[in-house]
Amino acid sequence: MDVWTRVDSYVAETLIDADPALEAALAASDAAGLPPIAVSPAQGRMLELFARMIGARRVLEIGTLAGYSTLWLARGLPADGRIVTLEAEPAHAAVARANFVRAGLAERIDLRIGPALDLLPGLSGDAPFDLVFIDADKPSNPDYLRWALRLTRPGSVIVADNVVREGAVADAASADPKVVGVRRYFEGLAADPRLVTTVVQTVGCKGYDGFALTRVGT
Ligand SMILES: C[S@@+](CC[C@H](N)C(=O)[O-])C[C@H]1O[C@@H](n2cnc3c(N)ncnc32)[C@H](O)[C@@H]1O
Ligand SMILES: [Mg+2]
């Protein structure tokens, strides 16, 4: 086992309390044949912490899968907080919905089914969001950034997952649509002087990847 995978296990065992609802959500995802591409436990805890650190009350997630990251984000909200999560695949959404009910967090989570670019224009009544987590089809990241900026306010935070792609993000010649999508996302971030961004590279049980962290300014 890679040393970083061992460290991930150690961190999770030592610092992250076992949570039956979260473990059941992953088990249900596996049982339904969904791909094992959710965030890791340590990364889920990071999302929860971000929500708590900024006192988020309204969260938008693009890309639900089985709702594992949604549950972590929901855990970071106050009782009257709400998370809207968007998922294109009805089969994924069905697993997620059952996971939200089992976790007792369904009241806090508004799951909407369809391609995110069809659903985002209908969210202006739910805006502004304090935190946006982008984790769906990477080629659409530049469009998701435009929508995130329409649906947030000064002080909001935008987190995008899987932006390092085993280092391929630094390859300007890459023709991989996911890499191109992430690079265009970065170009959109760099072009807007209101946005302050960094990238945190990660290694662990999910391989080598990373998060882009952005604060929306005035
Ligand atoms: C990486 S998974 C999300 C993982 C989840 N955020 C987690 O960490 O637990 C990406 C999800 O985005 C969904 N997706 C892909 N394209 C989409 C689109 N255009 N609109 C909405 N969801 C989409 C996929 O069906 C998949 O369930
Ligand atoms: Mg991801």
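Two strands pair if DSSP finds at least two bridges between them. With that idea in hand, we can start with the sheet of this predicted model.

**The sheet**

Strand β5 and strand β7 (residues 207-216) pair in the antiparallel sense, over five bridges. One of the bridges takes Val157 to its partner Arg215 in β7. These two strands belong to an open sheet of seven strands, with mixed pairing and the order β3-β2-β1-β4-β5-β7-β6. At the edges stand β3 (109-113) and β6 (195-204); each has a single partner strand, so one side of each is left without a neighbour in the sheet. On average, neighbouring strands here are turned by 15 degrees against each other, direction ignored.

**A residue inside strand β4**

Which strand holds Phe129? Phe129 is found in strand β4. Phe129 counts as buried because it has 24 C-beta neighbours inside 10 Å, and the cut-off for that word is 20 or more. Some of its company comes from far along the chain: Phe129 and Arg58 are 71 residues apart in sequence, yet their C-alpha atoms are 4.9 Å apart in space. Leaving aside neighbours within four places in sequence, Phe129 is in contact with Arg58, Val59, Leu60, Leu151, Thr152 and Ser156.

Just before this residue comes a cis peptide bond, which joins Ala127 and Pro128 with omega at about 0 degrees. Pro128 lies in the loop between α6 (116-119) and β4 (129-134).

**Helices and the ligand**

Is helix α4 largely enclosed or left open? Seven of its eight residues are buried, so α4 is largely enclosed by the rest of the structure. Those buried residues are Tyr68, Ser69, Thr70, Leu71, Trp72, Leu73 and Ala74.

Helix α4 also matters for the next topic, ligand 1. How many residues surround ligand 1? The number is 19, and the closest are Ala38, Gly63, Ser69, Ala88 and Ala116. The elements that give two or more residues to this shell are α4 (68-75) and β2 (82-87). Sorted by class, the shell has 10 nonpolar, five polar and four charged residues.

Another helix, α5 (residues 90-102), is the place of Val95. The C-alpha atoms of Val95 and Leu26 are separated by 10.0 Å, although the two are 69 residues apart along the chain. With neighbours within four places in sequence left aside, Val95 is in contact with Ala28, Ser29, Ala32, Leu34 and Ala66.

**Two loop residues with positive phi**

Leu65 is not a glycine, and still its phi is positive, at about 55 degrees. Leu65 is found in the loop between β1 (58-62) and α4. Arg165 is a residue other than glycine as well, and its phi is near 55 degrees, a positive value. Where does Arg165 sit? Its place is in the loop between β5 (152-161) and α8 (177-191).

**Counting neighbours**

Why do these residues count as buried? The table gives the number of other C-beta atoms inside 10 Å for each.

| Residue | C-beta neighbours inside 10 Å |
|---|---|
| Leu65 | 26 C-beta atoms |
| Phe129 | 24 C-beta atoms |
| Val95 | 23 C-beta atoms |
| Arg165 | 21 C-beta atoms |

Take the row for Arg165: with 21 C-beta neighbours inside 10 Å, Arg165 counts as buried, because the cut-off is 20 or more. Leu65 is buried too, with 26 other C-beta atoms within 10 Å.

How values were computed: Residues numbered from 1 in each chain as written. Chains lettered and ligands numbered in written order. Predicted model: local features only at pLDDT ≥ 70, side-chain atom pairs only at ≥ 80, totals over all residues. Near = placed C-beta within 6 Å. Helix = DSSP H or I, 4+ residues; strand = E, 2+ residues; numbered from the N terminus. Nonpolar A, V, L, I, M, F, W, Y, C, P; charged D, E, K, R; others polar. Buried ≥ 20, exposed ≤ 12 C-beta atoms within 10 Å, placed from the backbone. Contact = placed C-beta atoms within 7 Å. Axes fitted to C-alpha atoms, helices over the stretch in contact; angles between N-to-C directions.
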